[in-house]
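Work through the exercises below with the model open. Each task is followed by a stepwise solution.

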Amino acid sequence: METSHIRNFAIIAHIDHGKSTLADRIMEQTATVSQRESKAQLLDDLAVEQAHGVTVKSRTVRNFYTAADGQEYEYNLIDTPGHVDFSYEVSKSLAASDGAILLVDATQGVQAQTVANLRLALKNGLKVLPVINKIDSAMAEVERTEQQIKQLAVQFLDSPILKISAKTGLGVDAVLEAIKDYFPAPAGQTKAPLKALVFDSVYDPFKGIIAYVRIVDGQLTAKTPVLLMAHDQKLPNKEIGSFMPQLTALDSLNVGEVGYLVTGLKDPQALRVGDTITSQTTPTAQALPGYEPAKSMVFAGFYPKDDHYHDLQLAIEKLALNDSSFHYAAEVSDALGTGFRCGFLGIFHLQIIRERLHDEYQLDVLTTAPNVTYRVHLKTDDTLMVNNPIKFPYFADIDYVEEPFSNATITTGNDVLGDVMQLADSHKGQLVDMANQGDLIELHYRLPISEIAYDFFNALKSISHGYATLETTFADYDIADVVKVEVNVNYATVDALSFIVHREDAPAMTQKLVEKLKHTIPRKLYPMPAQAIVEGKSVARVDVPPLRKNAAVNGEKRSTSKKQALLRRQSVNKRQAAQSDVTLSQDVFNAVLELSL
């Protein structure tokens, strides 16, 4: 295929605006898939994607389109997620694209991730084609949605705005024509040395690591000996091909084309997304700039149930390869044994990983309370980076603690401005600036990451009816008055239940915690105290009631003192025999987790 007839593009949209449905129609109308093979959300093949109705893992598919001028064009559709937690997946897809379709639901209008993903596309220098979807709905407000789109960027004032129904296929043929007319062809030199961007990767149990590549310069053949430029590492080349949408082997991939490279590597750490692939014999002089690795915003511990540590290790390694924004490291807990400290982009990302472990690997894990990374300055002038509450130093050894802050940009309507500002203030936000963006108001806040990593975005969507946008970038570290909350059950410390909280929030949170623990900790034949300890002092306590009937109420005539002595002996003896024998279920950890949600 000539480079001038290739188009690489992505579809960006808010959740549930019809992105996956439009991808299905494009594949149908270009005969990429047959009627028999066609199904709803064809590119969303993960169980969690089907269950939640969102794209989690970006996919790629090659389509061949015969245009009205009689010429055949190669359309490489690079799918993108829509949820805020997966903006890193969006950035990877956009790095391999030359254009983007901005899809907006006519019944919902411009919403949170519409604006956020648009800014990512413009930041990558892509041509953006706005498309209004669901125009056949009785609730569609096409003219209002069109005006909202024109207010997003100056170039949309003169840009064509297409109107379609992805569900019925109405207007999709105009979108296919606009792709070749509006989006540019890839730029690259055919005779230059091979230079290819690794924009994604997956792990196959039989083929090993499969790298998703975009050819920037030169040609990649099935016999080309390849090299990873980041670490000057030779890479096996077992097969190359494209996505139809299934993996289809080819003899070569040329300038501008998107495809895959089967490496056969089994080490999940051997290939880094963003690396440059070149030829071993005639390497290119300069690597592509790539893009920064994803920074984890939320950390939590994963521990196996029923001593399935090895199975959990294999599953996490494979998930980390299929999801480059998921990070992990081994850790040991006194209460739960050996497990992993995992890093996530957000709380929804954590939920998706848990569900994938269950659905794809049949593994249930105990999940500890999520937290962020703190910079702890000790009185010995040493500095520690702590993302695990278990490793938080003793309070008497700490000079001061710094927590990470983010620069947050919130775009919202004037009707909910007061509620949005109240939400930001309740999460310890510091208002930096306020400006107008058309009919919208743009708020710039400085917010602690620990305050926004959990439910801030969901709360923002709720009070703004899904219209407000949220964009965050890491700012720096600043001094914070935080304390470690330790949880004792039956006078034994359960280290996995520890968490870090702002001192002013500790009294209320610990009271809520012990009340939840009272109903979630498995009961024994004796009463067990559940305590929250802050800086060596118990700030909240509750007794988990015993299972057995009160021994003092047995119908016998005994003195009160003897009855009480009997109870004390019974409780003390059994408690001492099983002080550390406390089995914790996920409900106990959810009690801590819910304090942050």
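**Exercise 1.** In what order do the four strands of the open sheet stand, and which strands stand at the edges?

*Solution.* Step 1: read the order. The four strands run β18-β19-β17-β20, with antiparallel pairing. Step 2: find the edges. β18 (327–333) and β20 (365–367) each have a single partner strand, so one side of each lacks a neighbour in the sheet. Step 3: add the twist. On average, neighbouring strands here are turned by 30° against each other, direction ignored. Bear in mind that this is a predicted model.

**Exercise 2.** How many bridges join β17 to β20, and which residue of β20 stands opposite Tyr303?

*Solution.* Step 1: take β17, residues 298–304; three bridges join this strand to β20, and the two run antiparallel. Step 2: locate Tyr303. Leu366 in β20 stands opposite.

**Exercise 3.** Which helix lies across β17, β18, β19 and β20, and at what angle does the helix run to β19?

*Solution.* Step 1: the helix is α7, residues 309–322. Step 2: α7 runs at about 15° to β19 (337–344).

**Exercise 4.** Is β23 mostly covered or mostly uncovered? Which bridge partners do Val376, Ala408 and Thr412 have?

*Solution.* Step 1: count burial, taking under 20% relative accessible area as buried. In β23 (residues 398–413), 13 of 16 residues are buried, hence mostly covered. Step 2: β21 (residues 374–378) pairs with β23 over four antiparallel bridges; Val376 partners Val401 in β23. Step 3: β26 (residues 469–480) pairs with β23 over 11 bridges, again antiparallel; Ala408 partners Thr472 in β26. Step 4: nine bridges link β23 to antiparallel β25 (residues 440–448); Thr412 partners Ile441 in β25.

Terms used
Residues are numbered from 1 along each chain as its sequence is written. This is a predicted model: local features need pLDDT of at least 70, side-chain atom pairs count only at pLDDT 80 or more; totals for chains, interfaces and linings use all residues. Side-chain values use heavy atoms; hydrogens and water are left out. Two strands pair if DSSP finds at least two bridges between them. Axes are lines fitted to C-alpha atoms, for helices over the stretch in contact, and angles run from 0 to 180 degrees between N-to-C directions. Contact means heavy atoms within 4.5 Å. Buried means under 20% relative accessible area, exposed over 50%, partly exposed in between (1.4 Å probe, protein chains only).
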